[in-house]
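Here are some exercises for you to work through with the model on your screen. Try each task yourself, then follow the solution step by step.

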Amino acid sequence: MRPSSLERRFLCPGSYRQERGKPDEETPYNKEGTRLHELVATALQGGEVDAGDAQPAVDLCVSFAKDLTPYASQYRIEQPLPIGKHIPGMAETGTPDLLIVEPYVRVIVIDWKFTHIDPPPADENLQLAAYAVAAALEYECPRAEAHICLAFSEKSSVAQMESYREILS
């Protein structure tokens, strides 16, 4: 099971059976979200981007990450994380939008949301919890933070998980 489907599976367990074997549907909305995610990744790596009307949203995401840490060397942008290694029953890997690792101190998981509909806040977001727990265990950090950056609404939410080992007990 992929971390991105945890919320749906929790709310509707039968969705697993209904969706099994079906390809993900491509829509104009998820195509635009993918494009904006790629532009944020490029900008975080120092590249110039032109997002047109969505430029303020891309800029907000970049400044959000830089406000958390100015050290780009700590950024792990769209890099697979071995989730299944740490959380039984999960997919082998998952890909957080941005993972910031402060070795042996904390991990910060950031999810960019390019939607006008607010998702569950970070402290209720199962996908981010899975990423944060797996990242904390993978990088041996005692503290994990999960952030949602709502790019079009200029709101964000954060959850801090300091006892992630208890979650897995």
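**Exercise 1. Find the accessible surface of the protein chain and the share of it that belongs to carbon and sulfur atoms.**

Step 1: The accessible surface is about 9800 Å², computed by the Shrake-Rupley method with a 1.4 Å probe, where for residues only the protein chains shown count as cover.
Step 2: Carbon and sulfur atoms hold 51% of this surface.
Step 3: Keep in mind that this is a predicted model, in which local features need pLDDT of at least 70 and side-chain atom pairs count only at pLDDT 80 or more, while totals for chains, interfaces and linings use all residues. Residues are numbered from 1 along each chain as its sequence is written, and side-chain values use heavy atoms, leaving out hydrogens and water.

**Exercise 2. Describe the elements of the protein chain and their order.**

Step 1: Count seven helices and five strands; these are DSSP runs numbered from the N terminus, with helices (H or I) of at least four residues and strands (E) of at least two.
Step 2: Along the sequence, the pattern reads α-α-α-α-β-α-β-β-α-β-β-α.

**Exercise 3. Place Leu 150 in its strand, and explain why β4 is largely enclosed.**

Step 1: Leu 150 belongs to strand β4, residues 143–150.
Step 2: Its relative accessibility is 8%, so Leu 150 counts as buried (buried is under 20% relative accessible area, exposed over 50%, partly exposed in between, with a 1.4 Å probe and protein chains only).
Step 3: Because seven of the eight residues of β4 are buried, the rest of the structure largely encloses this strand.
Step 4: Strand β3 (residues 106–113) runs parallel to β4, joined to it by eight bridges; strands pair if DSSP finds at least two bridges between them.
Step 5: One such link has Lys 113 with Leu 150 as its bridge partner in β4.

**Exercise 4. Which residues does Phe 114 contact, leaving aside its neighbours within four places in sequence?**

Step 1: Contact means heavy atoms within 4.5 Å.
Step 2: The partners of Phe 114 are Gly 33, Leu 36, His 37, Val 40, Ala 57, Cys 61, Ala 151 and Phe 152.
Step 3: Phe 114 is also among the residues that touch the most other members of the largest nonpolar core, which has 25 residues. Such a core is a set of buried Ala, Val, Leu, Ile, Met, Phe, Trp, Tyr and Cys residues joined through side-chain atoms within 4.5 Å.
Step 4: Another core lies apart from it, with 23 residues, including Leu 99 and Val 107.
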